[in-house]
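Below are my notes on the model, as numbered points. They go from the whole chain to single residues.

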Amino acid sequence: MNQVDYLRISLIDRCNFRCLYCMPEGAELDYILKQQLLTDQELLTLIQEVFIPVGFTRFRLTGGEPLLRPGVVELVRQIAALPQTQDLSMTTNGFLLAPLAQGLYDAGLHRINISLDSLQPDTFEQIIGNQGRGRWQQVWQGIQAAYAVGFDPLKLNVVVIPGVNDHEVLDLAALTINKNWHVRFIEFMPIGNGELFGERGWITSAQLRQSIAAQWGLNESQIRGNGPADIFKIPGAKGTLGFISQMSECFCDRCNRMRLSADGWLRPCLLNETGQIDLKTSLRQGVSTQELQHQVRKLLAIKPEINFQQRDSGTLGTYSRTMSQIGG
Ligand code: SAM
């Protein structure tokens with residue numbers, strides 16, 4: 001088992017998109033009430049006095065949509081300024097990014113993942129739940145702004161849904177040829193989207209690699225990051241292609257992360273919701289940060305056993321939280 005030193009922090013469970021595969025329109029979502037969200041101060045206390053002492057040094061801010069969190073630039077500044085922070089990154093849908101990109105970069109965020117499931121505005125709007133026209137263009141501007149500001153690596157996350165955007169795999173892969181952009185294909189997971197998954201199924205990374213290799217050839221490569229992605233490169237391309245194959249391959253042995261939800265639940269494995277601990281309530285009840293360190297250490301020690309090995313072993317029935325609630 002790898003050393004677990006990477007924490008994905010959900011800053012907020014709300015999102016301004018309703019992606020088909022993540023938090024579809026009409027799904028019954030109970031948003032966390034504001035008073036249940038970890039405050040900036042609580043989050044900083046947990047990072048400094050609990051997570052860093054037990055060995056976490058790499059942090060990714062996600063959500064929901066992290067750019068919806070009020071004061072996000074200042075929060076980034078404070079986390080980036082901690083001397084123990086070795087790596088800080090963010091996953092965003094990019095919709096609010098253009099005006100914030102420079103401020104985030106100056107605050108200390110230098111690498112970013114932006115979700116982009118389609119290059120076709122109509123398909124994109126269908127995927128994000130028909131939230132209004134012009135959203136693709138605004139996301140594209142966000143990506144361009146992040147590129148101009150100098151985010152590096154700049155990664156584009158793509159979830160491939162059969163019959164929805166799988167016809168665009170080659171076009172999306174081609175983005176890496178002339179620009180130092182890194183496209184990562186993520187296998188579609190059945191979390192909070194049972195109907196769509198049942199109807200459409202998913203496409204393996206191996207299938208995607210086959211079609212990309214048939215077009216251009218494909219070499220193994222590398223890129224800075226913390227993820228379990230397998231990295232390849234189209235020969236001569238400036239950027240890379242990553243494949244995250246959590247459905248077709250078990251990479252528990254490479255897992256180096258835990259997830260903290262916006263309401264303070266620490267989850268040891270994305271697909272295991274039985275072993276979580278509620279750090280926010282403990283903190284508010286006055287439990288000492290030494291005791292919380294102890295609880296996190298205990299969870300770290302059992303992580304290899306409760307990691308997702310069998311898809312059904314980590315849940316009591318269906319998954320009760322969507323990716324946007326967990327902090328994807
Ligand atoms: N709102 C931000 C965004 O769109 O990137 C951050 C949160 S989102 C939950 C983080 C990542 O999870 C996105 O790249 C999204 O595509 C991915 N994701 C969400 N649901 C998924 C699912 N069912 N299967 C695979 N990936 C999923």
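1. Long-range contacts come first. In this predicted model, 73% of the contacts in the protein chain with a separation of 6 or more are between residues 24 or more positions apart. The secondary structure of the chain comes to 11 helices and 12 strands.

2. On overall dimensions, the radius of gyration of the protein chain is 19 Å, which agrees with the value near 20 Å that a compact globule of 328 residues would have. Along the principal axes, the C-alpha atoms fill a box of roughly 55 × 45 × 40 Å.

3. On burial and surface, 58% of the 328 residues are buried. The protein chain exposes about 13600 Å², and carbon and sulfur atoms supply 48% of that area.

4. On charge, the protein chain has 30 positive and 32 negative charges, and the mean positions of the two sets are 5 Å apart.

5. Thr91 belongs to strand S3, which covers residues 87–92. Is Thr91 buried or exposed? Its relative accessible area is 10%, and the cut-off for burial is under 20%, so Thr91 counts as buried. The side chain of Thr91 makes a polar contact of 3.0 Å with the side chain of Arg60. Arg60 also appears in the contact list of Thr91, which leaves aside neighbours within four places in sequence; that list includes Arg8, Leu61, Thr62, Pro66, Asn113, Ser115 and Asn157 as well.

6. Val139 sits in helix H5, residues 135–149. With a relative accessibility of 0%, Val139 is buried. Beyond its neighbours within four places in sequence, Val139 is in contact with Phe17, Asn93, Gly94, Phe95, Ser115, Leu116 and Phe124. Ser115 is also among the contacts of Thr91. As a distance to check in the viewer, the C-alpha atoms of Val139 and Gly192 are separated by 24 Å, with the two positions 53 residues apart along the chain.

7. Two loops that border H5 deserve a look at the backbone. Asn130 lies in the loop between helix H4 (121–127) and H5. Asn130 has a positive phi of about 50° although it is not a glycine. With a relative accessible area of 60%, Asn130 is exposed. Pro153 lies in the loop between H5 and strand S5 (154–159). The peptide bond joining Asp152 and Pro153 is cis, with omega at about 0°.

8. Which residues does Gly264 touch, not counting those up to four places away in sequence? They are Leu38, Ile277, Asp278, Leu279 and Lys280. For Lys280, the C-alpha to C-alpha distance from Gly264 is 4.7 Å, at a sequence separation of 16 residues. Gly264 is found in the loop between strand S10 (257–260) and strand S11 (265–267). Although in a loop, Gly264 is buried, at 0% relative accessibility.

9. Gln290 is in helix H10, residues 289–306. The relative accessible area of Gln290 is 55%, and the cut-off for exposure is over 50%, so Gln290 counts as exposed. The C-alpha atoms of Gln290 and Arg77 are separated by 25 Å, and the two residues are 213 apart along the chain.

Definitions and conventions:
Residues are numbered from 1 along each chain as its sequence is written. This is a predicted model: local features need pLDDT of at least 70, side-chain atom pairs count only at pLDDT 80 or more; totals for chains, interfaces and linings use all residues. Side-chain values use heavy atoms; hydrogens and water are left out. Helices (H or I, at least four residues) and strands (E, at least two) are DSSP runs, numbered from the N terminus. The radius of gyration is taken over C-alpha atoms; the globule rule is 2.2 Å times the number of residues to the power 0.38. Buried means under 20% relative accessible area, exposed over 50%, partly exposed in between (1.4 Å probe, protein chains only). Contact means heavy atoms within 4.5 Å. Accessible areas come from the Shrake-Rupley method with a 1.4 Å probe; for residues, only the protein chains shown count as cover. Lys and Arg count as positive and Asp and Glu as negative; His and the chain ends are not counted. The place of a charge is taken as NZ of Lys, CZ of Arg, CG of Asp or CD of Glu. A polar contact is a pair of N or O atoms within 3.5 Å; within protein, one must be able to donate a hydrogen and the other to accept it, and residues adjacent in sequence count only if both atoms are side-chain atoms.
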